[in-house]
Amino acid sequence: ENSLQKTSTCSSADPSGMFVSPYALNLSSFTKLIKRLQERHPEFSRDEIVTAVQEVRKRNKGVLSGLAISSIEEKTSAIL
């Protein structure tokens with residue numbers, strides 16, 4: 001058997017290098033969300049915003065799917 005032919009599930013990292021679950025948000029939605037939050041909260045760094053979004057995911061049983069972007073934005077703003 002050739003172990004080099006085995007494939008693994010693809011995961012990705014956002015531009016800051018932080019892991020983003022492929023099931024949390026698609027990258028386009030994630031990028032839009034972060035951009036909107038950066039415009040709304042210019043006093044916070046991108047990393048702080050990403051950390052707050054991750055906290056929203058943690059509080060929502062580890063997923064963001066099923067939540068509207070506006071809802072995620074509101075919950076993240078409350079954390080920030």
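**Exercise 1. Work out which hand the crossing of α1 and α2 has, and how the two helices are angled.**

Step 1: Find the helices in this predicted model. Helix α1 covers residues 27–40, and helix α2 covers residues 46–59.

Step 2: Look at the hand. The crossing of α1 and α2 is right-handed.

Step 3: Now the angle. The two axes come within 10 Å and cross at roughly 120°. That makes α1 oblique to α2, because 65 to 115 degrees would count as roughly perpendicular and over 145 as roughly antiparallel.

**Exercise 2. Find which residues of α1 meet α2, and sort the contact by class.**

Step 1: Start on the α1 side. Phe 30, Leu 33, Ile 34, Leu 37 and Gln 38 are the ones to click on.

Step 2: Switch to α2. Here the partners are Arg 46, Ile 49, Val 50 and Val 53.

Step 3: Sort them. The contact of α1 with α2 has seven nonpolar residues, one polar and one charged.

**Exercise 3. Zoom out: in what pattern do the helices and strands follow each other along the sequence?**

Step 1: Take stock of the elements. You should get three helices and two strands.

Step 2: Put them in order. Reading along the sequence gives β-β-α-α-α.

**Exercise 4. Describe burial, surface and contacts for the whole protein.**

Step 1: Burial. Of the 80 residues, 26% count as buried, with the cut-off at under 20% relative accessible area.

Step 2: Surface. The protein exposes about 5,500 Å², and carbon and sulfur atoms supply 52% of that area.

Step 3: Contacts. Take those with a separation of 6 or more: residues 24 or more positions apart account for 50% of them.

Methods. Residues are numbered from 1 along each chain as its sequence is written. This is a predicted model: local features need pLDDT of at least 70, side-chain atom pairs count only at pLDDT 80 or more; totals for chains, interfaces and linings use all residues. Side-chain values use heavy atoms; hydrogens and water are left out. Axes are lines fitted to C-alpha atoms, for helices over the stretch in contact, and angles run from 0 to 180 degrees between N-to-C directions. Helices (H or I, at least four residues) and strands (E, at least two) are DSSP runs, numbered from the N terminus. Angles under 35 degrees count as roughly parallel, over 145 as roughly antiparallel, 65 to 115 as roughly perpendicular and the rest as oblique. A crossing is left-handed if the near helix is turned anticlockwise from the far one by less than a right angle, and right-handed if clockwise. Contact means heavy atoms within 4.5 Å. Ala, Val, Leu, Ile, Met, Phe, Trp, Tyr, Cys and Pro count as nonpolar, Asp, Glu, Lys and Arg as charged, and the others, Gly among them, as polar. Buried means under 20% relative accessible area, exposed over 50%, partly exposed in between (1.4 Å probe, protein chains only). Accessible areas come from the Shrake-Rupley method with a 1.4 Å probe; for residues, only the protein chains shown count as cover.
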